[in-house]
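The following exercises invite the reader to examine a protein chain and one of its pockets. Each task is followed by a solution in steps.

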Amino acid sequence: MAAGSGEERARHWRYEELPGVDLLRARYVRKEFVRHTHEHFVIAAIAEGVEVFHHRGTDQYAGPGALALVNPDTPHTGRAGVPEGWRYGAVYPTPELVAEIAADTTGIRGTPGFVSPVLEDPYAVGLVHQVLRAADEGNALAADTLLRVAVTRLLRLNGGMLPQPQVRTAGARIAARARAVLEERMAAPPTLERLAAELGTSPFALLRAFRQAYGMPPHTWLTDARVRRARRLLDAGTAPAQAAADVGFTDQSHLSRHFSRIVGVPPGAYQRERKNVQDARPRLLLPSGAWQKRQLSQTYAPAARERTTAENRTPTSSGTPSGSESP
C-alpha cells in the first residue's frame with residue numbers, strides 16, 4: 001500500500017524475513033525531511049532525480065546511480081535537488097547486522113561505518129532495488145542474500161572504523177544529563193531555562209553543549225526522540241492517537257505532521273504496513289547456485305580492485321558530531 005497522492009508516493013515497511021530492517025520505496029517532489037537521526041544505517045539508492053541532504057555541515061547531492069549513506073545517530077536532512085524531485089529505494093540495516101557482515105567479509109576493526117555520505121556505484125544501487133523487489137515477492141533467500149551482498153560491497157568500497165568516543169568534557173556530561181531528563185519526561189518536558197537550572201548551568205551554555213554533543217538543539221532532538229518512541233508504540237499496536245498522547249504531542253495531527261517529516265509516511269500508513277507483515281504468509285523462492293555465485297563474484301571482484309586499506313580510513317562518525325551544524 002502506498003502512502004501519498006499525486007506525484008508523491010511512499011511505502012515504508014518491513015519484511016518479516018529481514019528482522020529489524022526497515023525498507024522504503026518512495027518518490028518525493030516537495031517533501032522536506034527535517035533534521036533527524038536514525039538508529040539504523042541509511043542506505044538510499046537513487047533511481048531518478050536528485051536528493052540533497054545536509055550532513056556534517058555540508059549539502060550533499062546524490063543523483064541516479066548514487067547512494068546516500070548515513071551512519072546511525074548522525075543528524076541529516078533531505079529534500080529535492082531538482083524540480084522533478086527524486087525517486088529512490090532504501091534499506092535500513094541494524095548496526096548489529098552491519099557489524100556481523102563486516103566481521104565476516106572485511107578487515108575493518110572496531111565498529112564499522114561509512115566513510116563518505118555519497119557513493120557513485122550503479123551496481124550497488126541495483127542491488128538495493130533488488131532487495132526491495134525480493135521482499136515484495138516474498139523471496140526470503142534472495143532478499144537476505146542480496147542485502148548482505150550489498151552491505152559487503154559498500155563496506156569494501158566505502159567502509160572504515162568509526163572513531164572511538166572522545167573523553168567526555170564537562171559540557172558533554174551536561175548534555176548527556178539533559179538528554180536523560182528529556183527522555184524521562186518526554187511527555188511533559190521542562191523549558192530550557194528550567195532544565196538548565198536543574199542541571200546547574202545557564203540556558204545558553206546548555207544549548208551550546210547539547211548542540212556540540214548531538215548536532216541539534218534540545219527541542220529538535222526531543223521531536224526526533226518522540227517520533228522514535230512513537231514508532232515503537234505503533235509497532236507494538238498502539239493506536240496513533242494514543243501514541244501521540246504518550247510521547248507528548250498535542251494530538252494525532254501533531255504527531256502525523258512531525259512523523260511524516262522524519263519517517264516519510266503518515267503514522268497510519270506506517271502502522272498498516274507493520275500489520276501487513278504480521279498477517280503475511282511468506283513464500284520461499286530459491287535462486288539458483290549459479291545466480292548466487294554471479295552476484296558474489298560481481299560484488300567482491302570490483303570492490304577488491306577499488307578499495308584502499310579499510311583499517312586506515314575514518315568514516316563520518318555515528319554518535320556525537322565534532323561540532324554543531326546550522327539549523
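**Exercise 1.** By class, how many nonpolar, polar and charged residues does the lining of the second largest pocket have?

*Solution.* The model is a predicted one. Sorted by class, the lining comprises 13 nonpolar, eight polar and nine charged residues. The pocket itself has a volume of about 440 Å³. Of its 30 lining residues, those closest to the centre are His 36, Thr 37, His 38, Tyr 92 and Arg 231. Helix H7, which spans residues 218-235, gives the most to this lining, namely six residues.

**Exercise 2.** Determine whether His 36 counts as buried or exposed, and describe its surroundings.

*Solution.* First, locate the residue: His 36 belongs to strand S3 (residues 32-36). Next, consider its relative accessibility, which is 2%. The cut-off for a buried residue is under 20%. His 36 therefore counts as buried. Then examine the polar atoms: one in the side chain of His 36 lies 2.6 Å from the backbone oxygen of Val 34. Finally, leaving aside neighbours within four places in sequence, His 36 is in contact with Thr 74, Pro 75, His 76, Met 216, Asp 224 and Ile 262.

**Exercise 3.** What does the secondary structure of the chain come to, and what percentage of its residues is buried?

*Solution.* The secondary structure consists of 11 helices and 12 strands. Of the 327 residues in the chain, 52% are buried. The accessible surface of the chain comes to about 15000 Å², and carbon and sulfur atoms account for 51% of it.

Technical notes:
Residues are numbered from 1 along each chain as its sequence is written. This is a predicted model: local features need pLDDT of at least 70, side-chain atom pairs count only at pLDDT 80 or more; totals for chains, interfaces and linings use all residues. Side-chain values use heavy atoms; hydrogens and water are left out. On a 1 Å grid over the protein atoms alone, a cavity is a set of points where a 1.4 Å probe fits but cannot get out, and a pocket is an open set with protein on both sides within 12 Å along at least five of seven lines; lining residues have an atom within 4 Å of a point. Grid points are joined across faces, edges and corners, and a volume is the space filled by probe spheres set on the points. Helices (H or I, at least four residues) and strands (E, at least two) are DSSP runs, numbered from the N terminus. Ala, Val, Leu, Ile, Met, Phe, Trp, Tyr, Cys and Pro count as nonpolar, Asp, Glu, Lys and Arg as charged, and the others, Gly among them, as polar. Buried means under 20% relative accessible area, exposed over 50%, partly exposed in between (1.4 Å probe, protein chains only). A polar contact is a pair of N or O atoms within 3.5 Å; within protein, one must be able to donate a hydrogen and the other to accept it, and residues adjacent in sequence count only if both atoms are side-chain atoms. Contact means heavy atoms within 4.5 Å. Accessible areas come from the Shrake-Rupley method with a 1.4 Å probe; for residues, only the protein chains shown count as cover.
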